[in-house]
Amino acid sequence: MNNKITISQLAGKIKEPKNTLILCHKNPDPDTLGSAFALKYILSYFGSEVNCACADMVAGKFSFITKGVELEYKGKEYERYIAVDVASPMQLGDLEYLSPRVDITIDHHEMNTRFSLYYEDFRASNCENIYLLAKELNVLDKMPLNFYECLYAGMSADTGGFRFSNVTPDTMKIASEVISHGIDHAEINRIIFDSKTMGEIRAQKLTYEKMQLFLDGKLSIIMFTNDMKSDNQITDADIGDIVNYIRSIEGVLVAVSLKQSSRDESKFSVSSRANVDIDVSMICAKIGGGGHKRAAGATIIASSPEEAIKRCVELFGEAIMNN
Ligand SMILES: [Mn+2]
C-alpha cells in the first residue's frame, strides 16, 4: 500500500482544525523539537488545539524552542496524532504504543518504516519540510519570530552547524530565508553547540576515559550504563550528542554510543555516526531502527552491557571490514 502523500495533500489535512498531539522522537534533539513547535504554530493558526509529547526529558537549554512547555504525555485522547522527525515506531521510545494511532508522519529520514500516512522529503533536516509546508499554506508571513527560531535550530543541529554532507544549496537557501526574519542565529548556534551543563562535561570526561576502540581503531564505542550515569550524576539528556566526541578520533570510520535504559536494563539505545560512506541507517534498520546514511539509531536488547557492545561490534564490524 502506498500511503505517501504530497505536500498539497498534507497542507489540506493540516488546515482541518482538530485536537492534535504532535509526537517527537526519543532523546529529543532540536530538529524533532523545532519541527513539533513550528508545526504547532501552523496548526494553531488554522484553529487546532495542539500539544506536543516526547518519551524523554528535554535538555533545559532547548527551552527557547519549547518555551518551557511540559512534553510528558499524560494519556489524554486526541482527534489527530502527527509524528515529526520519527523514522520508526521504535523511535517513539516509551510512547511507541501510540504508533498505531499516528495519522500522519512528516519526516526526512531515508530509512523510514512509513508506519502511518506519511509525507517525506529527504532534506538535511525535517525543519526544512515544515518551512516548505508553511510556504505551501501561504502562512510564512503570519508566523511569529519563534517559529523561525525553531526552524533554524533544527536545521543547524541536523547539519552540525551547516557543515555535514547532507547540506544542499536548498538548505542554505531556506536558512537564508529563515534568517531574514531577524532571528539571533549566532545565539541559537551558541546554545546548541557551545553551551554545556556540568553533567555533559562529566559525560564527556567519562567518554574519553571509557571509550573502546575495535577493528584497528576503525570503530569507537562508548557505553553508558545506569551505574555510570548515577555514580557521575549524568542524566540521559547529558549523553545526547556524546557520539560526536568519539567520532572525531583520527582513523575512526564509525562511532557508536550506547545508553542503558533506566526503565529496562536489558535495553540499550544505539546512536551511530559514519565518517565515511558506510550506510549506518541500513545497519540500524536490521534491528528495527532507522535514520540517515551517516547518522542513525536503534535499540539493542542484551543481557549485559558487555553483550550489547559485542553485538555492536558484530553489527557494524562487517560493513567496516568491507569498506
Ligand atoms: Mn532530523
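Ile7, Ser8, Leu10, Ala11 and Ile14 of helix 1 are in contact with Leu132, Leu133 and Glu136 of helix 4; contact here requires C-beta atoms, placed from the backbone, to lie within 7 Å. By class, the residues of this contact are six nonpolar, one polar and one charged. Ala, Val, Leu, Ile, Met, Phe, Trp, Tyr, Cys and Pro count as nonpolar, Asp, Glu, Lys and Arg as charged, and the others, Gly among them, as polar. Helix 1 covers residues 7-14 and helix 4 residues 126-136; their axes are 10 Å apart and make an angle of about 75°. Axes are lines fitted to C-alpha atoms, for helices over the stretch in contact, and angles run from 0 to 180 degrees between N-to-C directions. Helix 1 and helix 4 are therefore roughly perpendicular, the term for 65 to 115 degrees (under 35 is roughly parallel, over 145 roughly antiparallel, the rest oblique).

The model is predicted: local features need pLDDT of at least 70, side-chain atom pairs count only at pLDDT 80 or more, and totals for chains, interfaces and linings use all residues. Residue numbers start from 1 along each chain as its sequence is written. Helices (H or I, at least four residues) and strands (E, at least two) are DSSP runs numbered from the N terminus.

The protein is divided into domain 1 (7-193) and domain 2 (198-321), with bounds that come from an automatic or database domain assignment. Taken over C-alpha atoms, the domain centres are 25 Å apart. Domain 1 gives 17 residues to the contact and domain 2 gives 19 residues. On the side of domain 1 that touches domain 2 there are five nonpolar, eight polar and four charged residues.

One open sheet has five strands in the order 2-1-3-4-5, with parallel pairing. Two strands pair if DSSP finds at least two bridges between them. Strand 2 (50-53) and strand 5 (117-120) are the edge strands, each pairing on one side only. Direction ignored, neighbouring strands of this sheet are turned by 20° against each other on average. In the pairing of strand 1 with strand 2, Ile22 has Cys52 in strand 2 as its bridge partner. Helix 2 (residues 30-45) packs on this sheet, touching strand 1, strand 2, strand 3 (80-84) and strand 4 (104-107), and its direction makes about 170° with that of strand 2.

The other open sheet described here has six strands in the order 6-7-8-9-11-10, and its pairing is mixed. Its edge strands are strand 6 (212-214) and strand 10 (290-291), each paired on one side only. Helix 12 (residues 305-321) packs on this sheet and touches strand 6, strand 7 (219-224), strand 8, strand 9 and strand 11 (295-301); the angle between the directions of helix 12 and strand 7 is about 155°.

Pairings from both sheets are listed below.

| Strands | Sense | Bridges |
|---|---|---|
| 1 and 2 | parallel | four |
| 8 and 9 | antiparallel | seven |
| 9 and 11 | antiparallel | seven |
| 10 and 11 | antiparallel | two |

Lys259 has Ser269 in strand 9 as its bridge partner, and Arg273 is bridged to Ala295 in strand 11. Gly291 stands opposite Ala296 in strand 11. A hairpin of three residues connects strand 10 to strand 11. Strand 11 is mostly covered, with six of its seven residues buried; buried means 20 or more other C-beta atoms, placed from the backbone, within 10 Å of the residue's own (exposed is 12 or fewer, partly exposed in between).

Technical notes:
Contact = placed C-beta atoms within 7 Å.
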